[in-house]
Amino acid sequence: MASVKLSKFVEAMGFENLTPDIDMKNIRITIPDINRPALQLTGYFEHFEKDRVQIVGYVEYTYLQNIPLERRIEIYREYLSYEIPCTIFCSLSRPDPEFIDLANEFGRPVFYTEQKTSAVMAKVIHWLSIALAPCISIHGVLVDVYGEGILIMGESGIGKSEAALELIKRGHRLVTDDVVEIRRISDTELIGTSPEITRHFIELRGIGIIDVKTLFGVESVKESQSIDLVIKLEDWNKDKEYDRLGLEEEYTEFLGNKVVCHSLPIRPGRNLAIIVESAAVNHRQKKMGYNAAKELYKRVQESLTRRREEED
């Protein structure tokens, strides 16, 4: 089962730690969702989603402040007896000292943020969805071209990194070179990231390793990107018939999700960067409802129809 360290989660979120004496080293989050323990804070613990991150907002906070202290401590004790990963208080709703004391007693970390509850919920779910998503690593290059995530694949030495470098010089952004970590966020979305050890580096045969962020600036790199289109580079084969119209889409599959895929034959003199840019813009047009190949096919059919009518 995928999991993420609580310490890494808190560092990414920037929450204030109200229980610094609790050792978080062995606490891990395993579910990419949250729970607002409203019913639990009234004393109802049936179907309690104790394995999720718990978020307490202003409504729960004001309810707790309006019940007798003795009853409140009873609820706190029962709530914190469950092995919850952590509790986050939001919207200027700081927990009272009794809650902090019991949290320290049971070893349940407590955090605080001034952000609104709805914003914290969205932020936490989004981050955990990526961190805990099913993940595979493949050989390729991922670049952001006009907002489209282009995954360039092909045999080693075919020119993937060189194409990426030319795209960076043309103002586009590198996500990762050589190894792409792909995470399945939903049935329709794949996110690509770079292994931390190789982040922002490109290998160019004959030159060596270059640091893209240092050479071209922070605007030339990106931490993650959705994968919208796959371009497979392959050596030109004169005996193979390549698609020249693009009426039918071809797909490749990662983690059960299908992504549009183009096979691009490599010959001397072909400008890969311009071809990739054109593919990115064309893919965006298709998503917006315009397909150039279908438009050409429609015009040809209309022209043939007119000729037949004239001949008749």
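**Exercise 1. Set the radius of gyration of the protein chain in this predicted model against the value for a compact globule, and add the box dimensions and the burial.**

Step 1. For a compact globule of 312 residues, a radius of gyration near 20 Å would apply, whereas the protein chain in this predicted model has 27 Å.

Step 2. Taken along the principal axes, the box filled by the C-alpha atoms of the protein chain is roughly 95 × 60 × 30 Å.

Step 3. Of the 312 residues in the protein chain, 43% are buried, where buried stands for under 20% relative accessible area.

Step 4. The protein chain exposes about 17,700 Å², of which carbon and sulfur atoms supply 49%.

**Exercise 2. State how many helices and strands the protein chain has, and what part of its contacts joins residues at least 24 apart.**

Step 1. The protein chain holds 9 helices and 19 strands.

Step 2. If one takes the contacts between residues at least 6 apart in sequence, 69% of them join residues at least 24 apart.

**Exercise 3. Work out why the buried residues of helix α4 line one face, and name what covers them.**

Step 1. Helix α4 spans residues 97–106, and its buried residues are Phe99, Ile100, Leu102 and Ala103.

Step 2. Viewed down the axis of α4, these buried residues fall within an arc of 170°, and therefore they line one face of the helix.

Step 3. The general background is that an α-helix has 3.6 residues a turn, so residues three or four places apart point the same way.

Step 4. Pro97, Asp101 and Glu105 are exposed on the face of α4 that is turned away from the buried side.

Step 5. The cover over the buried residues of α4 includes α3 (69–80), β6 (87–89) and β7 (110–112), and just after the helix Gly107 takes a positive phi of about 75°.

**Exercise 4. Repeat the analysis for helix α1: which residues are buried, what arc do they cover, and what covers them?**

Step 1. In helix α1, which runs over residues 6–13, Leu6, Phe9, Val10 and Met13 are the buried residues.

Step 2. Around the axis they cover an arc of only 95°, which puts them on the same side of α1.

Step 3. Lys8 and Glu11 are exposed on the other side of α1.

Step 4. Among the elements that cover the buried residues of α1 are β1 (4–5), β3 (28–29), β6, β7 and α5 (117–131), while Gly14, which follows α1, has a positive phi near 75°.

Notes. Residues numbered from 1 in each chain as written. Predicted model: local features only at pLDDT ≥ 70, side-chain atom pairs only at ≥ 80, totals over all residues. Heavy atoms only, no water. Helix = DSSP H or I, 4+ residues; strand = E, 2+ residues; numbered from the N terminus. Rg over C-alpha atoms; globule rule 2.2 N^0.38 Å. Buried < 20%, exposed > 50% of the residue type's maximum accessible area, 1.4 Å probe, protein only. Contact = heavy atoms within 4.5 Å. Areas by Shrake-Rupley, 256 points an atom, 1.4 Å probe, with all protein chains shown as cover. Arc of directions from axis to C-beta.
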